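Here are a few short exercises to help you find your way around a structure you haven't met before. Try each task yourself, then read through the worked solution.

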Amino acid sequence: MQYATGRTYDKPQVLHITIESQTTDEFGLIDLVATFVDASRHISGRVNTVQFPHESIGAAVLAAYDYGNYAPI
């Protein structure tokens, strides 16, 4: 999937996201493991985060990325 962030670096930032696993707990929270490629900043990584039911996958991945909660790949 692709997630356009609305930011521009070398070019408009569009995260290319691949979901590795996604499970939902009894409260509706989603455990998400995904990889992303940010061609505008030349960064790739893997995030492991909790996504709220109303939150988009792209927004959850971007939030983890923004806070540095990713492993470079």
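**Exercise 1.** What pattern does the chain follow, read along the sequence?

*Solution.* Keep in mind that this is a predicted model. Start by counting elements: you get one helix and five strands. Now put them in order along the sequence, and the pattern reads β-β-β-β-α-β.

**Exercise 2.** Work out whether the radius of gyration of the chain agrees with that of a compact globule.

*Solution.* Step one is the expected value: for 73 residues, a compact globule would come out near 11 Å. Step two is the value for this chain, 12 Å, which agrees. For another view, take the box along the principal axes: the C-alpha atoms fill roughly 40 × 25 × 20 Å.

**Exercise 3.** Find out what share of the residues is buried, and what the surface is made of.

*Solution.* A residue is buried when its relative accessible area is under 20%. Of the 73 residues, 33% pass that test. Next, turn to the outside: the accessible surface of the chain is about 4400 Å², and carbon and sulfur atoms make up 54% of that. As for contacts, take those with a separation of 6 or more: 39% of them involve residues 24 or more positions apart.

**Exercise 4.** How many salt bridges does the chain have, and which parts of the chain do they link?

*Solution.* Begin with the idea behind the search: side chains of opposite charge can pair when their charged atoms come close. The cut-off is a nitrogen of Lys or Arg within 4 Å of a carboxyl oxygen of Asp or Glu. With that rule, the count is two.

Take R7 and D66: their closest N and O atoms are 2.8 Å apart. R7 sits in strand β1 (residues 2-8) and D66 in helix α1 (residues 57-66), so this bridge links distant parts of the chain, 59 residues apart.

Now look at R46 and E20, where the closest N and O atoms are 2.9 Å apart. R46 belongs to strand β4 (residues 43-51) and E20 to strand β2 (residues 12-24), so the pair ties together parts 26 residues apart in sequence.

**Exercise 5.** How does each salt-bridge partner count by its relative accessibility?

*Solution.* Partly exposed covers the range between buried, under 20%, and exposed, over 50%. R7 has 29%, so it is partly exposed. D66, at 42%, counts as partly exposed. For the other bridge, R46 has 34% and counts as partly exposed, and E20, with 43%, is partly exposed too.

**Exercise 6.** How far apart are the mean positions of the positive and negative charges?

*Solution.* Count the charges: 4 positive and 8 negative. Take the mean position of each set, and the two points lie 12 Å apart.

Note on methods. Residues are numbered from 1 along each chain as its sequence is written. This is a predicted model: local features need pLDDT of at least 70, side-chain atom pairs count only at pLDDT 80 or more; totals for chains, interfaces and linings use all residues. Side-chain values use heavy atoms; hydrogens and water are left out. Helices (H or I, at least four residues) and strands (E, at least two) are DSSP runs, numbered from the N terminus. The radius of gyration is taken over C-alpha atoms; the globule rule is 2.2 Å times the number of residues to the power 0.38. Buried means under 20% relative accessible area, exposed over 50%, partly exposed in between (1.4 Å probe, protein chains only). Contact means heavy atoms within 4.5 Å. Accessible areas come from the Shrake-Rupley method with a 1.4 Å probe; for residues, only the protein chains shown count as cover. Lys and Arg count as positive and Asp and Glu as negative; His and the chain ends are not counted. The place of a charge is taken as NZ of Lys, CZ of Arg, CG of Asp or CD of Glu. A salt bridge is a side-chain nitrogen of Lys or Arg within 4 Å of a carboxyl oxygen of Asp or Glu.
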